[in-house]
Each structure stands twice: as structure tokens, then as C-alpha cells.
Amino acid sequence: MPDLPRLSERILFAPRRACGGNPIPLPLMSTPKHVAIVGATGAVGVEMLRCLEERHFPVGKLTLLASARSAGKTMTFKGQPLTVQELTTESFGGVDIALFSAGGGISRDFAPAAVKAGAVVVDNSSFFRMDPNTPLVVPEINKADIAKHRGIIANPNCTTAISLMALYPLHQAFGVKRIVASSYQAVSGTGAQAIEELAAQSRLWASENRAWDAAKLDCAPKVYPHQIAFNAIPHVDAFLDNGYTKEEMKMENEGRKIMGHPDFRASVTCVRIPVFRAHSIAIAAEFEKPVDLQRAYEVLRAAPGLQVIDDPANKQYPLALNIAGQDDCAVGRLRVDCALTNGLSFWVVGDQLLKGAALNAVQIAECLV
Ligand code: NAP
């Protein structure tokens with residue numbers, strides 16, 4: 001499969017598009033910082049690099065860290081080649097801000113060393129998210145919590161962050177009680193290897209000239225428990241004793257913490273689908289107050305980092321293909337829910353590599369400087 005890496009790069013390096021409610025800011029007037037990216041070669045890491053560059057983050061020095069497998073590889077920042085180094089506990093001398101995106105185990109083992117060396121860590125893994133001493137932040141919602149940090153600030157789960165971009169403004173207007181939601185999650189949410197798994201399976205199907213009803217492929221899935229091409233897998237993350245997966249419970253647990261709403265309840269089914277990039281979530285929400293549809297549109301149109309795309313008569317609604325590579329999330333398909341009291345149903349889409357990961361982390365770092 002010689003050209004797989006090229007396809008993967010196309011997914012990871014999708015063209016970034018101008019954004020409405022979340023403009024790329026003018027250069028920040030701040031002392032340049034020494035920034036480290038842990039997991040720089042991963043699906044999120046490469047987007048972090050791009051966000052730092054495109055948002056004119058005041059980078060004085062950039063240290064790129066990954067596993068021994070990537071040590072010596074070259075990546076480019078502002079036209080300059082940078083060599084990836086192997087992550088060790090000694091990697092953080094002089095680092096001001098460390099963006100971690102290499103999995104929970106790496107965050108557990110190395111974030112304390114970064115803090116000890118004087119860095120503030122913005123962690124993209126789930127490891128510190130529910131720690132009471134670690135702020136869990138979506139800047140459009142709870143930026144003020146950043147000030148409470150003790151060296152580590154956590155970035156939320158991608159599906160949760162994208163959902164809250166639409167749910168939180170509605171909560172402020174109507175007071176959310178609970179939601180029932182289903183997610184349609186892209187393979188890049190699982191990382192670079194998952195992108196290649198979908199690409200390889202799709203290529204295999206095409207090369208064998210399969211008919212639509214013979215889409216079952218003779219190939220062993222490696223990343224996912226089942227073939228992902230032409231499939232929908234209702235299994236994202238590990239199953240818990242209550243029958244939900246860890247990913248599904250993050251919406252309730254992280255949603256409560258970010259919104260400062262301990263009574264918020266969420267019943268979620270997370271589904272992996274053969275989309276390369278951008279997660280979609282169908283949400284039915286029940287509120288304390290009656291929902292006025294026009295008021296709902298008003299609050300969503302005024303929400304930062306969110307576009308309203310909702311013209312079903314003209315087939316206009318948020319689509320993963322259109323939102324991929326875009327900073328803003330999008331909401332549409334608004335309707336008064338026909339089964340809930342004070343209910344509203346809607347469809348939210350966001351690029352989980354950006355608002356669900358790299359962009360949100362860099363926005364947090366911007367708040368720090
Ligand atoms: P990925 O594409 O698999 O990348 C993993 C990164 O971690 C690579 O840079 C890898 O380096 C590095 N790494 C792995 N083992 C390492 C080690 N022992 N020492 C140092 N670096 C190591 O995964 P990803 O999708 O970017 O996800 C990274 C983290 O972000 C995970 O915690 C994930 O849960 C979280 N996250 C991801 C998304 C998403 O949309 N993908 C969204 C939200 C949160 P090598 O290249 O050298 O192996």
C-alpha cells in the first residue's frame with residue numbers, strides 16, 4: 001500500500017477554512033513562549049502545530065516530542081524544519097507550555113515531570129479530566145476555570161466538547177435537565193492508524209471490484225473490533241459495568257464539570273462510522289423552561305465558535321464533509337422535540353481534531369499567555 005501515507009496526510013492536513021464566530025486572532029502581544037508538543041507526530045499533534053502557526057501563537061521555541069520510533073523525523077513549523085525528539089522526563093527544561101497528546105499513560109507518566117520543570121500542561125488525554133484539582137475547559141464556556149489550575153489543565157473529550165458548543169448556549173437560555181444523544185464518530189478520532197485502516201479497507205474493496213452487497217472484506221481489522229469500511233460500530237472505548245462505554249459516560253461526567261451543572265444527565269450511544277474526519281451528534285434535550293424555537297435560533301446564532309446551518313427545504317444542514325478542517329462547529333435540524341416536555345432536538349457537527357482537540361488546547365494556551 002505505498003500511497004497510504006499520502007492519503008493519511010490528506011486527512012490530517014485538510015485545508016483549514018476561515019471561520020465565522022471564532023476568528024483567527026491578530027498576533028498576540030506577549031513574550032514568546034517555549035512550547036513543547038508531546039505526541040507531535042500524531043493525528044492531534046500535527047493539528048496542534050498548525051493551530052500554533054495559523055493563530056500566530058507567540059512561539060519563541062518549539063520542542064517536538066514523540067516516541068523513539070519518530071525520533072529524528074523532521075516536521076515543519078513556519079517554514080523551518082524541526083527535528084522530533086524522543087520524550088523523556090528530561091525533555092521539559094525551559095518549557096513554558098506543554099501540549100500533551102500522546103494518550104493517558106504518557107500524560108500520567110510525564111505531565112508531572114513537565115510541571116516540576118516549570119511548564120503549564122494542557123492535556124488532551126482523559127487522564128486528569130475528572131481530577132477535582134484539574135480544570136476541564138472549553139474556553140467559550142468556562143474560561144474562568146483556567147485560573148484555578150495547579151500546573152495541569154485538561155482538554156475535554158471531543159464528542160463532549162462539540163456537543164456542548166451548541167448545548168451550553170441553550171442551557172443558559174432554557175436550563176438543560178437531560179439529553180439523549182447518538183454520536184457518529186470519525187475514524188481520525190482514534191488516531192493516525194485508524195485513518196489508515198479505513199483507507200486500506202476501502203482500497204481493498206475497490207481493488208476487488210466488490211458489489212454493494214458484498215462489502216464484507218477478507219481483512220483482519222487491527223484498530224477496531226470489526227471492519228469499519230461500510231459499517232457502523234456501536235462500540236467506542238471500553239464497556240463499563242452499567243452497559244455504557246467510557247466514551248458515552250464522558251458526556252454526562254465531563255458535561256457536568258464544564259457547565260458547572262452537577263444535575264445534568266446524559267444517555268448517549270457512541271457509534272464509529274466510516275467518515276475520515278469530523279464527528280456528528282444527534283441530541284434530544286429536555287429543559288427546565290419551555291423552549292421557544294426562535295429564541296433557540298437567536299442564542300445559537302450569538303454563540304461564539306458556532307455556525308447555524310439550518311435550511312432543510314434547500315437541503316442545508318451541517319455535514320461532516322463540510323465541517324472537516326473548520327474551526328467552528330455547526331448546528332442545524334432544530335425542531336421542538338415531539339416526545340419530550342420542553343424538548344429540543346438538533347444535530348451538531350465539529351472537527352474533533354480541531355475543536356475536539358488541537359484548537360481547544362491552543363485556545364487554552366492563548367488564555368495562559
Ligand atoms: P495518534 O495519532 O495515535 O498519535 C499518538 C501520538 O503519541 C504520536 O505522536 C505518538 O508518537 C505518540 N506516542 C505514542 N507512544 C508514545 C511514547 N511511548 N512516548 C512518546 N510519544 C508517544 O493519536 P491521536 O489521535 O493524536 O490522540 C492522541 C491523544 O489525544 C489521545 O490521548 C487521544 O485520546 C486524545 N484525543 C484525540 C482526539 C482525536 O480526534 N484524535 C480527540 C480528543 C482527544 P509516534 O508517532 O512516535 O508513535
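Biologist: Which residues in H8 do Ala166, Pro169, Leu170, Ala173 and Phe174 in H5 meet?

Modeller: This is a predicted model. In it, the listed H5 residues run from Ala166 to Phe174. Their partners in H8 are Arg295, Ala296, Val299 and Leu300.

Biologist: How do the residues of the contact of H5 with H8 divide into nonpolar, polar and charged?

Modeller: Ala, Val, Leu, Phe and Pro count as nonpolar, while Arg counts as charged. Arg295 in H8 is part of this contact. The division is eight nonpolar, no polar and one charged.

Biologist: At roughly what angle do the axes of H5 and H8 cross?

Modeller: H5 covers residues 158-174, and H8 covers residues 293-302. Their axes come within 9 Å. The crossing is right-handed. The angle is roughly 125°.

Biologist: H5 also meets H7. Why are H5 and H7 oblique to each other?

Modeller: The axes of H5 and H7 (residues 246-259) come within 10 Å and cross at roughly 45°. Angles under 35 degrees count as roughly parallel, and 65 to 115 as roughly perpendicular. The angle fits neither class, so H5 and H7 are oblique.

Biologist: How many charged residues are in the contact of H5 with H7?

Modeller: On the H5 side, the contact includes Ser163, Tyr168 and His171. On the H7 side, Glu247, Lys250 and Glu254 are among the residues met. Glu and Lys count as charged. Seven residues of this contact are nonpolar and five are polar, and the charged ones number three.

Biologist: Now H2 and H10. Is their crossing left-handed or right-handed?

Modeller: H2 spans residues 43-54, and H10 spans residues 354-368. Their axes come within 9 Å and cross at roughly 45°. The two helices are therefore oblique. The crossing is right-handed.

Biologist: How many nonpolar residues are in the contact of H2 with H10?

Modeller: Val44, Glu47, Met48, Cys51 and Leu52 form the H2 side. The H10 side includes Leu354, Ala357 and Val362. The contact has one charged residue and no polar ones. The nonpolar count is 10.

Biologist: Which residues come nearest to the ligand?

Modeller: There are 26 residues around the ligand. The nearest of them are Thr41, Ala43, Ser67, Arg69 and Ser70.

Biologist: Which residue has a polar backbone atom 2.9 Å from a nitrogen atom of the ligand?

Modeller: Set the oxygen contacts aside. A backbone N or O atom of Gly42 lies 3.0 Å from a ligand oxygen. A polar backbone atom of Gly103 is 3.2 Å from a ligand oxygen. The nitrogen contact at 2.9 Å belongs to Ser188.

Definitions and conventions: Residues are numbered from 1 along each chain as its sequence is written. This is a predicted model: local features need pLDDT of at least 70, side-chain atom pairs count only at pLDDT 80 or more; totals for chains, interfaces and linings use all residues. Side-chain values use heavy atoms; hydrogens and water are left out. Axes are lines fitted to C-alpha atoms, for helices over the stretch in contact, and angles run from 0 to 180 degrees between N-to-C directions. Helices (H or I, at least four residues) and strands (E, at least two) are DSSP runs, numbered from the N terminus. Angles under 35 degrees count as roughly parallel, over 145 as roughly antiparallel, 65 to 115 as roughly perpendicular and the rest as oblique. A crossing is left-handed if the near helix is turned anticlockwise from the far one by less than a right angle, and right-handed if clockwise. Contact means heavy atoms within 4.5 Å. A residue is near a molecule or strand if one of its heavy atoms lies within 4 Å of it. A polar contact is a pair of N or O atoms within 3.5 Å; within protein, one must be able to donate a hydrogen and the other to accept it, and residues adjacent in sequence count only if both atoms are side-chain atoms.
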